[in-house]
Amino acid sequence: MTKAIGLLLLLAMGIQLIRPLGFPGFRRRADFWKIAVVAFILWTLVLLLRP
């Protein structure tokens, strides 16, 4: 699961650098770092909730 989340977020970061996604808070190319913060939070939650 963590690998799938990682691949999807890396893909989203790459797309954000090429063409901004247009979501609120992600309107500029320089906002790709916010995706990395979301990725870190998701990975942390998955690892903490894992049995």
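I take contact to mean heavy atoms within 4.5 Å. The model is predicted, so I note that local features need pLDDT of at least 70, side-chain atom pairs count only at pLDDT 80 or more, and totals for chains, interfaces and linings use all residues. Residues are numbered from 1 along each chain as its sequence is written, and side-chain values use heavy atoms, with hydrogens and water left out.

Entry one, the chain. I found two helices and zero strands (DSSP runs numbered from the N terminus; helices are H or I, at least four residues, and strands E, at least two). The C-alpha trace spans about 40 × 15 × 15 Å along its principal axes.

Entry two, the inside. I looked up the largest nonpolar core (buried Ala, Val, Leu, Ile, Met, Phe, Trp, Tyr and Cys residues joined through side-chain atoms within 4.5 Å; buried is under 20% relative accessible area, exposed over 50%, partly exposed in between, with a 1.4 Å probe and protein chains only). This core has six residues: Ile5, Leu9, Met13, Phe26, Ile35 and Ala39. α1 and α2 each give two or more of them, and α1 gives the most, three. Setting aside neighbours within four places in sequence, I list Leu9, Ala12, Met13, Gln16, Leu21 and Phe26 as the contacts of Ile35. Of the 51 residues in the chain, 20% are buried.

Entry three, one side chain. I checked Trp33, which lies in helix α2. Trp33 is partly exposed, at a relative accessible area of 48%.
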